Amino acid sequence: MKLLSQTISYKSLLLLTLVTLLTVACSKEDSPAPVIPDDNIGNKPNLENYPIHDFIWKGLNYWYYWQDVITDLDDSKKTNSTKYVEFLSEFNTPKELFNHLKINEYDDFSWYVEDVDEQLKQFAGTNKSYGIRLGRSLFANENGGVYIYIAYVIPNSPAHEAGLKRGDIIYKVDGTIMDSNNYSVINNLFNNDKVTLGIGTFDSSTGELIANTQDIEITRVEFPATPIQHYSVINSSNKKIGYLVYNSFKYPFHGELNDVFSYFKTENVNELVLDLRYNGGGTVITAAFLASMINGKISKNSVFADLRYNTKRNNEEGSTYPFFDDVYLYNFDGSFDSKVSASRLNNIQTLYVLTSQSTASASEMIINGLRPYMNVITIGGTTTGKNEGSITVVDSPGSFNETNNRNPNHSIGMQPIVFQIFNSNFENDYDNGFMPSVEIDEMDYAEEIKQFGDVNEPFLSAAIEMISGISSKKGKSIPKKKVVIGPKIKEEKFSKEMYLIPVIK
């Protein structure tokens, strides 16, 4: 069964099942019976992890986009069962084997999955979290202190309930005031289930940090993390500008996304600013729905994206994603709920996209997929440059994609790159990212971050100026702060990802 055929009857599009898995009716070969060879001194290879190693090899042999250029993934590898077992036994762990088979020259985004269930929760937006997205880097102030700002707080999260907000400065973690020697304590936000934060703001006139009188304690919990951060309508120079901050392409929130565009439609917006500066990607089908809402003039079934797989899979899996007149709604377990008419805007001539180096994958797919049909202007930073996507590969019969029929003896999976994505003009040459028309770096404004929707917020202000054709008077320039040299701020693997959920005909 193909994901979507090249010429699809989209009336037959019925159901999405489990997140990140591509449903295809093909069978993998049975694992060869392990033949245990003796070496010259009579020792035998360690086959403790053989079943998992066998899954790792066969899953990548079946799906990996660059399978045809990796000698150790060639089909001939498994023709001699003795040599096959010898090869698998060379690796101490499944992860070591996975890393060996991954082609690092091209592939920056495939990863090994320790726990498939946790991975699937993360993709659906229900994994445990404080609900805080940090700024990209730590800064050192003149007094030797170290701080980081909060880029955003997810609505209804523990951080939101505690009163934290975008622009708040974290200078203390679990009682430790950060400096150049101890700033790694910020990783408690990623490693611990409870954390206490010292919060402050900067005095706009003196630049000094004003600390809150009390620290804030928050506990990490599992909650539905909406990707819709903010939306509003801004009136400027006889323009009605719809503004949406959208932080990931998550399938359980299609209805809420459609409601936003219904509101824009009711308000008769005639300009649109899409803020994707924190959006690292998500599901391809969600991107297709969003593109359909943005430009209602594009006819249903016109090509939004074309996916191309490895040379073994292409004839079976090659697929196009269209523009839609309907939006499909799904539950958090991936089951189909219903469909509703898409709220498609009909009077948007130009799309303004706010970007950063964190804008990746499905976000870049929006830019690339809409450019053949309309003017798309990017404002902010150069995007990541991820023109490829993945599926979750699990140890199951068939095509390594049955999450409910996995090998019960382990929880290991993989998230390998399995396709590259093109627009209707067969263009995908953005592996170095999309460069902005207007360059802005939020790091330059770390000490006075504006709230989303504030017309003086630098990214939004630049978009409004382009829309209105009026250049506003700029305030004082803010020098870029010194970035602490040290570990990068952690991000979840999903922070730069584009992946598939099965579409069944």
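Q: Which elements each supply at least two residues of the lining of the second largest cavity?
A: In this predicted model, they are β17 (303-308), α10 (362-370) and β26 (417-422).

Q: What makes a residue part of that lining, and which residues qualify?
A: A lining residue has an atom within 4 Å of a cavity point. F304, A305, M365, N368, G369, I421, F422, N423 and Y430 line the second largest cavity. The largest share, 3 residues, comes from α10.

Q: Why is this space called a cavity rather than a pocket?
A: In a cavity a 1.4 Å probe fits but cannot get out, whereas a pocket is an open set. The search of the whole structure finds 2 cavities of 30 Å³ or more. The second largest cavity holds about 30 Å³ of space.

Q: How is the lining of the second largest cavity divided by class?
A: It has 6 nonpolar, 3 polar and no charged residues. Gly counts as polar, so G369 of the lining is placed in the polar class.

Q: Why are α8 and α10 called oblique to each other?
A: Helix α8 (residues 284-294) and α10 pack at an angle of about 45°. Angles under 35 degrees count as roughly parallel, and 65 to 115 as roughly perpendicular. The angle of about 45° fits neither range, so α8 and α10 are oblique. Their axes are 10 Å apart, and the crossing is right-handed.

Q: What makes the contact of α8 with α10, and how do its residues divide by class?
A: V284, A287, L290, A291 and I294 of α8 meet A362, M365, I366 and L370 of α10. The contact has 9 nonpolar, no polar and no charged residues. M365 of α10 belongs to this contact, and M365 is also listed in the lining of the second largest cavity.

Q: Why is α1 called roughly perpendicular to α2?
A: Helix α1 (residues 50-63) and helix α2 (residues 81-89) pack at an angle of about 100°. The range for roughly perpendicular is 65 to 115 degrees. The angle falls inside, so the label holds. The axes of α1 and α2 are 10 Å apart.

Q: Which residues make the contact of α1 with α2?
A: Y50, H53, D54, W57 and K58 come from α1, and Y84, V85, F87 and L88 from α2. By class, there are 6 nonpolar, 1 polar and 2 charged residues. Asp and Lys count as charged, so D54 and K58 are the charged pair.

Q: How do you know that α1 is roughly parallel to α3?
A: α1 and helix α3 (residues 94-101) pack at an angle of about 20°, with their axes 9 Å apart. Angles under 35 degrees count as roughly parallel, so α1 and α3 earn the label. Their crossing is right-handed.

Q: Where do α1 and α3 meet?
A: I52, H53, I56, W57 and L60 in α1 meet P94, L97, F98 and L101 in α3. This contact has 8 nonpolar, 1 polar and no charged residues.

How values were computed:
Residues are numbered from 1 along each chain as its sequence is written. This is a predicted model: local features need pLDDT of at least 70, side-chain atom pairs count only at pLDDT 80 or more; totals for chains, interfaces and linings use all residues. Side-chain values use heavy atoms; hydrogens and water are left out. On a 1 Å grid over the protein atoms alone, a cavity is a set of points where a 1.4 Å probe fits but cannot get out, and a pocket is an open set with protein on both sides within 12 Å along at least five of seven lines; lining residues have an atom within 4 Å of a point. Grid points are joined across faces, edges and corners, and a volume is the space filled by probe spheres set on the points. Helices (H or I, at least four residues) and strands (E, at least two) are DSSP runs, numbered from the N terminus. Axes are lines fitted to C-alpha atoms, for helices over the stretch in contact, and angles run from 0 to 180 degrees between N-to-C directions. Angles under 35 degrees count as roughly parallel, over 145 as roughly antiparallel, 65 to 115 as roughly perpendicular and the rest as oblique. A crossing is left-handed if the near helix is turned anticlockwise from the far one by less than a right angle, and right-handed if clockwise. Contact means heavy atoms within 4.5 Å.
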